[in-house]
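Got your viewer open? Let's take a short walk through this model, one selection at a time.

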Amino acid sequence: MTALPVTDLESSAPPACAIARPRKADAREDPPLVRRAIIAVAVGFLGLFIVLPLINVFAQAFAKGIETYLSALRDDDTRSAIHLTLLVAFTSVLLNGAFGLAAAWAIAKFDFRGKNVLITLIDLPFSVSPVIAGLVFVLLFGLQGLFGAWLAAHDIKIIFALPGILLATIFVTFPFIVRELIPLMQEQGTEEEEAALSLGASGIKTFIRVTLPNVKWALLYGVLLCNARAMGEFGAVSVVSGHIRGETNTMPLQIEALYEDYQSAAAFAVASLLALLALVTLIAKAALESRVGKD
C-alpha cells in the first residue's frame, strides 16, 4: 500500500471550520415562555400595586366634579399645607446639597481618622425609623426635653413649629445626595483638582470649575431623590409638627386630617396634587438618566 504524500493528507483533512462543535448554552438566555412569564409577573405586580392605586386616587379626587376638586385645593388650610411642604422641601434640598457636597468631598478626597464613623452616621437615617427620629428631636427640643427649659426661657420654639419640621425632614433626607456623590468622587480621584491647583487656581475656583462640573449629574439626581422624599415625608414630621391646621400641617398630614374628618373628596384632591408632584419628579429623574446615558 502506497503512502500518500503529506500534502495529500493535509488536503484531504476536513477544514477546522467544518468540524461541528456543540453550541454552549448562554446562561443569560431563558426560554421564551420563561421570559414572558417573568415579564407578566413584573407588569402585573406594578399594575396592581402601583398603577391601579394611583388611578384610583385621581378617580376619587374628581368623583364629585372639577368644582369640588378645585374648591378643596383653594381651602385655606390646604393652601397653607401646600406652601409649607414646598418651603420645607426647597430648604431641605438646599441645605442637604451643601452638606452633601461637603461630606462627599471630605470622604472621597481625604483620609482622616473617624472616616468610617462619618460614613456610618450618614447611613443612619436609612436604618432608623422616621418616627424614632422625630421622637429624638422632641426629647431634645420639647418643653420637657434636654434643651426645652433653655429654649422656653429665650422664647425659641422648635417643636410644633417650622424649625422642628425642617430638622426632621433634613434628617431623613440627608443620605440621598451624599450617597450619590461619594462613589463618583472616589472614582474620579484627585488628579484634576491637583492639576488645577498646581497651575495656580484657588480652592474655590477649582471647586467651581473642576469638581462641580464633574459631579453635576449625580448632584441633580440626588436632589431629585431628596426632593421627592422631603415632600412625601410623614412619620418624622408627624411627631414634631403637632398637627396644627393652617400652621404645621404639611400635605401628607393634611391628607390624613381631611380623611379622618370624612372629607374623602378633599383628601383625595390633595393626594392627587402630591401624586402629580411625585410624577413630575419621576419624569425629571427619567430625563436625567437619559441625559446621563447619552453623555
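We'll start with the whole chain and then go into its largest pocket.

**Stop 1: the whole chain.** Before you click anything, keep in mind that this is a predicted model. Now switch to cartoon view and colour by secondary structure. How many helices and how many strands does the chain have? You should find 13 helices and zero strands. Follow the chain from the N terminus and the pattern is just α, again and again.

**Stop 2: the surface.** Turn on the surface display. The chain exposes about 18500 Å², and carbon and sulfur atoms supply 67% of that area. What share of the residues is buried? Of the 295 residues in the chain, 32% are buried.

**Stop 3: the contacts.** Go back to the cartoon and think about who touches whom. Take the contacts with a separation of 6 or more: 72% of them join residues that sit 24 or more positions apart.

**Stop 4: the largest pocket.** Next, select Phe141, Gly142, Leu143, Lys157 and Ile159 and show them as sticks. Among the 13 residues that line the largest pocket, these are the closest to its centre. The space in there comes to about 210 Å³.

**Stop 5: the walls.** Colour helix H6 (130-141) and helix H7 (148-153), the elements that give two or more residues to the pocket lining. Which of the elements gives the largest share? That's H7, with three residues.

**Last stop: colour by class.** Colour the lining of the largest pocket by residue class, and you'll get nine nonpolar, two polar and two charged residues.

Technical notes. Residues are numbered from 1 along each chain as its sequence is written. This is a predicted model: local features need pLDDT of at least 70, side-chain atom pairs count only at pLDDT 80 or more; totals for chains, interfaces and linings use all residues. Side-chain values use heavy atoms; hydrogens and water are left out. Helices (H or I, at least four residues) and strands (E, at least two) are DSSP runs, numbered from the N terminus. Buried means under 20% relative accessible area, exposed over 50%, partly exposed in between (1.4 Å probe, protein chains only). Contact means heavy atoms within 4.5 Å. Accessible areas come from the Shrake-Rupley method with a 1.4 Å probe; for residues, only the protein chains shown count as cover. On a 1 Å grid over the protein atoms alone, a cavity is a set of points where a 1.4 Å probe fits but cannot get out, and a pocket is an open set with protein on both sides within 12 Å along at least five of seven lines; lining residues have an atom within 4 Å of a point. Grid points are joined across faces, edges and corners, and a volume is the space filled by probe spheres set on the points. Ala, Val, Leu, Ile, Met, Phe, Trp, Tyr, Cys and Pro count as nonpolar, Asp, Glu, Lys and Arg as charged, and the others, Gly among them, as polar.
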